[in-house]
4 protein chains.
Amino acid sequence: MSVDDSEIVQRIRANFERQGLMRTMGAKLGSAVLGQVELALTPHAEISQQNGFVHGSALGALAESAVALSALSLMPPDRGVFTTEYNINFLAPAQGDRIIARGKVAKTGRTLTFCQCEVLSERDGQEQLIALFTATLVAVEGRDGILG
Amino acid sequence: MSVDDSEIVQRIRANFERQGLMRTMGAKLGSAVLGQVELALTPHAEISQQNGFVHGSALGALAESAVALSALSLMPPDRGVFTTEYNINFLAPAQGDRIIARGKVAKTGRTLTFCQCEVLSERDGQEQLIALFTATLVAVEGRDGILG
Amino acid sequence: MSVDDSEIVQRIRANFERQGLMRTMGAKLGSAVLGQVELALTPHAEISQQNGFVHGSALGALAESAVALSALSLMPPDRGVFTTEYNINFLAPAQGDRIIARGKVAKTGRTLTFCQCEVLSERDGQEQLIALFTATLVAVEGRDGILG
Amino acid sequence: MSVDDSEIVQRIRANFERQGLMRTMGAKLGSAVLGQVELALTPHAEISQQNGFVHGSALGALAESAVALSALSLMPPDRGVFTTEYNINFLAPAQGDRIIARGKVAKTGRTLTFCQCEVLSERDGQEQLIALFTATLVAVEGRDGILG
């Protein structure tokens, strides 16, 4: 964790805390710097699929929030973002002590921001890449935050 | 709702009820026939993004479960499926009285099953298309159900 | 084929004929109506992969052009479009007498247009679905046509 | 260019040379090592879209071949691969002196291989990232090469 208390990080944190789904999933905000935000959660039964692994789409949710916050960190205060599409590839079952989503901005333009996210599982301190994620976000003038 | 009690539907239902994330999201199993399964939920704060709309990735979760169950409905009892990738495009904010995911199998082969899902919002009985979703699933021999 | 000579279709045709890659691939403009454009080609060695089938990515190219023209058909004369992302799923090898891409607009908004395309092979008059395709296009003010 | 003459590279080269579409596009095989293959081409009118830029889907074609060859480089001689899906995000127009696709394998398993590719344009020796690409490939027993 390396969250500092700059204005950007406060904005990211305030936004993150208003996301009901992230709270429900038990997601925590990790490091947050310009264009890169990390979220993590501990696997639990409320976000499982039928065999007790974390539901694949919960990785999608964690990754989507991580990249939306990454994109938001590069926006001026009067611009918000919304996700227009994402795709996710599942490389391995989601289990372990912790699931980590490392979002980052690949390119930001006037309207579109392109992001990628690696999703990893951590077990006994060892990380394993479990999902690849790419998303496109759209900037909206005169609106703060992450829009639905 | 047009759930009948055939063996297939019982298998779908049993599988659905073991998915913790679907329970957490308040998802309900709607119609289920061979190769087509419908899930629905009522928007609520636990699955929201910051503005109170349903979190986009919750639509991804609902759609993923709908197509995985659709694929499972075409498998013999000793074969399970897992989702290897999906992509989702968000056409409109997710709000309204109800969110519906209509999953269907586009093609099933020996190893791969290709699925699509339309996600709709319903307000005052009117449906609106809010997301397009495509997924690839992989069949696994000797394993029942939806794997993580 | 049901190409009529309206202003829209002329615009579509003029745009299509300037696309070098479509000419190289031997693509032909089929039916074109508001929001729906069909392109087709006859398999040949210049667009093959190593076994003589049509290269999968040539289906992607045909589909991308079909949806871009579909989106363009709904734009006023001073607006152009560019494709910001697409994804394609390959359901069966691309062979047969003819390959057909049926593009259509799923939803158009002020900035974004969402499109889908079915790619089919035709053999002895029988059609088979061989690829699913989804794309997002962006409208650009003050620019005509399909931008790179 | 760092092509050595090992058995793997010969296999990659032989496969690449049988791909009609790559020849048509003027693609050249660059460096090829285990799990990583680079292809490149010089922009020309036969692969353009209407404004003279390289057609976006030609980037998709170059990237698909780059990742398929990357996956093939990790297969034993009696296994082939085919691409089951890919998605591509376009970050900037495709122009410049040269277009380069750098494919690599993110993870390979018994059935599925996950790949990524960065597509770059080069102008006056400066590289710019112009597209992000992700693909899933399927291994096939008893078949050599890249299947359609």
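Here is a short chat about the predicted model shown above.

Me: Hi! What scores does the model get for ipTM and pTM?
Reply: The model scores ipTM 0.91 and pTM 0.93. For chain A, the mean pLDDT (the predictor's confidence in each residue, from 0 to 100) is 90, and 95% of the residues of chain A reach 70 or more.

Me: Thanks. What are the ground rules?
Reply: Residues are numbered from 1 along each chain as its sequence is written, chains are lettered from A and ligands numbered from 1 in the order in which they are written, and side-chain values use heavy atoms, with hydrogens and water left out. As this is a predicted model, local features need pLDDT of at least 70 and side-chain atom pairs count only at pLDDT 80 or more, while totals for chains, interfaces and linings use all residues.

Me: On to chains D and A: how many residues are in contact?
Reply: 13 residues of chain D are in contact (heavy atoms within 4.5 Å) with 13 residues of chain A.

Me: And how much area do chain D and chain A bury between them?
Reply: About 1,200 Å², with 55% of it on carbon and sulfur atoms. Buried area here is the accessible area (1.4 Å probe) that two parts lose on being put together, summed over both.

Me: Which strands of chain D supply that side?
Reply: β3 (79-90), β4 (98-108), β5 (112-123) and β6 (126-141) of chain D each supply at least two residues. Strands are DSSP runs of E, at least two residues, numbered from the N terminus. β3(D) gives the most, with four residues.

Me: How many salt bridges are there between chain D and chain A?
Reply: Zero, taking a salt bridge as a side-chain nitrogen of Lys or Arg within 4 Å of a carboxyl oxygen of Asp or Glu.

Me: Switching topic: where is Asn87(C), and is it buried or exposed?
Reply: Asn87(C) is in strand β3 (residues 79-90) of chain C. Asn87(C) is buried (under 20% relative accessible area, 1.4 Å probe, protein chains only), at 2%.

Me: What does Asn87(C) touch?
Reply: Not counting residues up to four places away in sequence, Asn87(C) touches residues including Asn87(B), Tyr86(D) and Asn87(D).

Me: Last one: what about Cys115(B)?
Reply: Cys115(B) sits in strand β5 (residues 112-123) of chain B and is buried too, with a relative accessible area of 0%. The C-alpha atoms of Cys115(B) and Gln36(B), 79 residues apart along the chain, are separated by 9.5 Å.

How values were computed: Buried means under 20% relative accessible area, exposed over 50%, partly exposed in between (1.4 Å probe, protein chains only).
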